[in-house]
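Q: Could you take me on a close look at one helix and how it is packed? I'd like to see what follows it and what surrounds it, and then hear about the packing elsewhere.

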Amino acid sequence: MSKKFNFFKEAIATAKTSGTIAPSSRFLADRMLKGIDFESAKLIVELGPGDGAITKHLLQRIGPNTKLICFEINENFYKELQKINNPQLIVLKESAENLKKEIQKFNFEEADYIVSSLPLSIIPKEVSMSILNKSHEILKKGGKYIQFQYSLNYLKKLKSVFGKENISVQFEAINIPPAFVYKCTKN
């Protein structure tokens, strides 16, 4: 219970950047990760992993040759993520705006999947659109950008980047609060 309380304290203290009050449920993680080809993926990028609720699910499923690069700007969440001992995990205290530059440091030009928990609706519009455009840019053809949000407010912006025919929306009720999962494919 203390880990959840610590998350809650950090989320309240950093409400303008964390965008939530509770860690993601295993049900939300399962819904987000369903359909990912973990065996063939070379690089999965996670944006805004918080304390690692979804990160841990990713690490349990990735293939032996897959790298997971996480972008987290919150100092306390970053420190929490660094405690995860896994040679396939790279944790960066960097903004997702620096996606391309940072993955190139690890000899990657593209990502197979991007899994995002970023609170897009509370991030300044210019920054969130920059992150979406850079995410689209580094995804391989046929790659997926997977995002959860607590409302449908960002659907129009995702459609403007990925195209409306390349997006599916699902709903996960067993999460606090319930969430929408957007799955966007790069054509």
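A: Let's begin just past the end of the helix: Gly-35 follows α3, and its phi is positive, near 95°. Bear in mind that this is a predicted model.

Now back into the helix itself. Helix α3 covers residues 26-33, and Leu-28, Ala-29, Met-32 and Leu-33 are buried there. Looking down the axis of α3, you find its buried residues within an arc of 120°, so they line one face of the helix. The spacing makes sense, because an α-helix has 3.6 residues a turn and residues three or four places apart point the same way. As for what lies over that face, the cover on the buried residues of α3 includes α4, β4 (111-116), β5, β6 (167-172) and β7 (179-185).

Next, the cores. The largest nonpolar core has 30 residues, and Val-45, Leu-47 and Tyr-145 are the ones that touch the most other members. Take Leu-47: setting aside neighbours within four places in sequence, its contacts include Phe-71, Ala-96, Leu-99, Ile-114, Val-115, Ile-131 and Tyr-145. Our helix turns up in another core, which lies apart from that one: it has 25 residues, among them Leu-28, Cys-70, Tyr-78 and Leu-81. In soluble globular proteins, nonpolar side chains do tend to be buried together.

β5, one of the elements covering α3, also takes part in an aromatic pair. A search of the whole structure turns up three such pairs. In one of them, the ring centres of Tyr-145 and Phe-162 are 5.6 Å apart with planes at 25°, so this pair is stacked. Tyr-145 sits in strand β5 (residues 139-149) and Phe-162 in helix α8 (residues 155-162), so the pair ties together parts 17 residues apart in sequence. Tyr-145 is buried, at 0% relative accessibility, and Phe-162 is buried too, at 4%. Phe-171 and Phe-180 form a tilted pair, with ring centres 5.0 Å apart and planes at 55°. Phe-171 counts as partly exposed, at 43% relative accessibility.

Last stop: α4, also part of the cover over α3. The loop between α4 (53-61) and β2 (67-71) holds Gly-63, which is buried at 0% relative accessibility. Leaving out neighbours within four places in sequence, Gly-63 is in contact with Phe-38, Glu-39 and Gln-88. Gly-63 also lies 7.4 Å from Ala-41, C-alpha to C-alpha, with their positions 22 residues apart in sequence.

Technical notes
Residues numbered from 1 in each chain as written. Predicted model: local features only at pLDDT ≥ 70, side-chain atom pairs only at ≥ 80, totals over all residues. Heavy atoms only, no water. Phe/Tyr/Trp six-rings, centres within 6.5 Å; stacked < 30°, edge-to-face > 60°. Helix = DSSP H or I, 4+ residues; strand = E, 2+ residues; numbered from the N terminus. Buried < 20%, exposed > 50% of the residue type's maximum accessible area, 1.4 Å probe, protein only. Core = buried A, V, L, I, M, F, W, Y, C linked by side-chain atoms within 4.5 Å. Contact = heavy atoms within 4.5 Å. Arc of directions from axis to C-beta.
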